[in-house]
Amino acid sequence: MKLNLIAGCALAILAAGSAAQAQQSPPVSNYNYHDAFAPLFYTKNGSEYRAADGQPGPKYWQNRADYQLAATLNDQTNEITGTEALTYTNNSPQSLGFLWMQLDQNLFKKDSRGSAIIPPTGSRNGGRGEMAEGGYKIKSVKVGGVDVKYLINDTRMQIFLPEAVKPNGGQVKLNIEYSFIAPDYGSDRTGILKTKNGNVYTIAQWYPRMYVYDDVMGWNALPYTGPSEFYLEYGDFDLSITAPANHIVVASGELQNPSEVYTAEQLKRWAEAEKSDATVIIRSADEVTKASSRPAGKKELTWKFKIKNARDVSWGSSAAFIVDAAKMNLPSGKKSIAISAYPTESNGNDAWGRSTEYVKKSVEYNSQKWFEYPYPAATAVAGSVGGMEYPGIVFCGYRAKKSQLWGVNDHEFGHTWFPMIVGSNERLYGWMDEGFNTFINTLSTTDFNKGEYAPRKTDMQRMAAIVTNPTLEPVLSNPENLKEANNGILLYFKPGLGLTMLREQILGPERFDFAFRTYIARWAFKHPTPDDFFRTMENASGESLQWFWRGWFVNNWRLDVAVNDVKYVNSDPAKGAYITLTNMEKMAMPTPLEIKYKSGKTERINLPVEIWERNNSFVAKVPTTEEIESVTYDPDKVMPDYNADNNVWKK
């Protein structure tokens, strides 16, 4: 090191020491900049399956499950009898000698694991009256027409194959016969609503479904106990639902035989709806009780639907349904239609009479903003389920009205993007669908009908007391491992708020939107992990965000920035001011300040998060020409600072 460089460093140290002596001693801080900005956030390097920049690697693979499903509904006993023809394709590099399938209806048995963990105070995760005769009755499991051995353990079925499924494209075909009694209320995801004109059946988790076998965990054969949702393979579905002839059936996908199940007049109305931006009534409230609104001459009708590249299918059936529809305008011009089915108890222009309008606008907005809606129909069903999503169909509470109905329809159809298109593992990472969806809902709601239901601006300082409360678990927790009371905060609100902050305060809308769209496009109809999301957002935005993931998602850290003191250069306001800030807690964030001067003038400055990269306390030099009356940290309340008492310095 040259002498003049040593001398320069010495002078800089002396100058910094003099400036520090001019300030008051900062208060004791809990902040550790090495923890917040520590290296090696990612514990694994990129691989041939998942690249370091967050996209699928050159050898990424996932397995596939194609289903032919047939079911018959007995509306006297509430029994559903079904058959399943499953073609399972093993694209992994491993041979598979056994398979795992999900038997979710077994949750509603009295002796299930999920029933055992329901507290005395109750839970939305159970069946509200689990049945001794509840759950699946598996009548047969065959491969190549021959019965094979299987073992059922609670909500899981292990199938022992006579011959292993070969890797890299090998297939096995299974045939399963089963039945179950539909629960009145099934974990707020399936159920039966009793109305004056007949039961409304909203039927989900109604057939044995393949567990995912992936490059991360192998078989993801976790039991279903209610709190966490689903992780499923993609494939094509061909389903046939047989119901009483006075019922109307709606389901995932496109109806294949409308002329067999609707009247001639209703077919004309469907044709009108396919061309109309305004809602068209297919079956009115006045027609619900009229026999002429259903095809005559049969006791039962079979409804046939198809949907491609989906991860699941569900359906609704009722004699009580009012049905209406309108076309949806997708960016590519692809044909799709919004549909609503609801009982007369839900009718009205302030209620389900606007449902199709809500579905249409929600889907159109998100298709334009993020990724085009991939299904031929989007159907909302009013029933006993408060809100639940499936490909092409959602179940929402029949009492919902106005902003509540917009909100639940928008939220459940927002799930089309997370996890129907971007197929994350909901069983482990519920925040990757609920939280992401909560975030996109804020944008679609602000846009809807020029702000008809636009949300209030969020006061992040007030929210911080809730979403960074020390009693909370981290966002990056298994939903099964959270207190039930914390699910709403940690799966929905906190990750949703985090993405809003990332968009509005850290990256800016343009950089964020590009990165978020990149993530969706990369992982459309695939299985991303949290690392894949984190890496994509960083690489596509060009910003290291590991301090943000660490503070908001991985840990439950708090933010508390204090404005400690203001001094002037050589005690002269005309020469500039030193503002001393201290980070009192463990989280780091950018630091917006508002300065008010003696003359009444105000000025805003934004200090980057890097001021906390090697400092607990930071002195910001501000060019001034007059005395400062006050300095306010986060004047717009956009940062999650839970302690506002030290946010303002006054002369």
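1. A residue is called exposed when its relative accessible area is over 50%, buried when that area is under 20%, and partly exposed in between. The structure under discussion is a predicted model, and these terms are applied to it below. Lys-194, with a relative accessible area of 58%, is therefore exposed.

2. Lys-194 forms a salt bridge with Asp-184, and the closest N and O atoms of this pair are 3.8 Å apart. Asp-184 sits in the loop between strand 8 (170-181) and strand 9 (185-186), while Lys-194 belongs to strand 10 (residues 190-195), so the contact ties together parts that are 10 residues apart in sequence. Asp-184 has a relative accessible area of 42% and is therefore partly exposed.

3. A second pair is formed by Glu-627 and Lys-598, whose salt bridge has its closest N and O atoms 3.8 Å apart. Glu-627 is found in the loop between strand 30 (617-622) and strand 31 (628-633), and Lys-598 in the loop between strand 28 and strand 29 (602-607); the pair therefore ties together parts that are 29 residues apart in sequence. Lys-598 is exposed, since its relative accessible area is 54%. Glu-627, at 25% relative accessibility, counts as partly exposed.

4. A third salt bridge joins Lys-586 to Asp-35, with the closest N and O atoms 3.4 Å apart. This pair links distant parts of the chain: the two residues are 551 residues apart, Lys-586 lying in the loop between strand 27 (577-583) and strand 28 (591-597) and Asp-35 in helix 2 (residues 33-36). Lys-586 is partly exposed, because its relative accessibility of 26% is neither under 20% nor over 50%. Asp-35 is likewise partly exposed, with a relative accessible area of 32%.

5. Side chains of opposite charge can pair when their charged atoms come close. The number of salt bridges counted in the model is 31. Some of the charged residues are connected in a network of salt bridges, which links Arg-64, Asp-66, Asp-236 and Lys-308.

6. With regard to annotation, an unreviewed UniProt entry lists residues 371-552 as "domain: Peptidase M1 membrane alanine aminopeptidase". Over residues 371-552 the chain is 54% helix and 9% strand. The C-alpha atoms at the two ends of this segment are 26 Å apart.

Conventions. Residues are numbered from 1 along each chain as its sequence is written. This is a predicted model: local features need pLDDT of at least 70, side-chain atom pairs count only at pLDDT 80 or more; totals for chains, interfaces and linings use all residues. Side-chain values use heavy atoms; hydrogens and water are left out. UniProt positions are given in the numbering used here, feature names are shortened, and annotations may be inferred rather than shown by experiment. Helices (H or I, at least four residues) and strands (E, at least two) are DSSP runs, numbered from the N terminus. A salt bridge is a side-chain nitrogen of Lys or Arg within 4 Å of a carboxyl oxygen of Asp or Glu. Buried means under 20% relative accessible area, exposed over 50%, partly exposed in between (1.4 Å probe, protein chains only).
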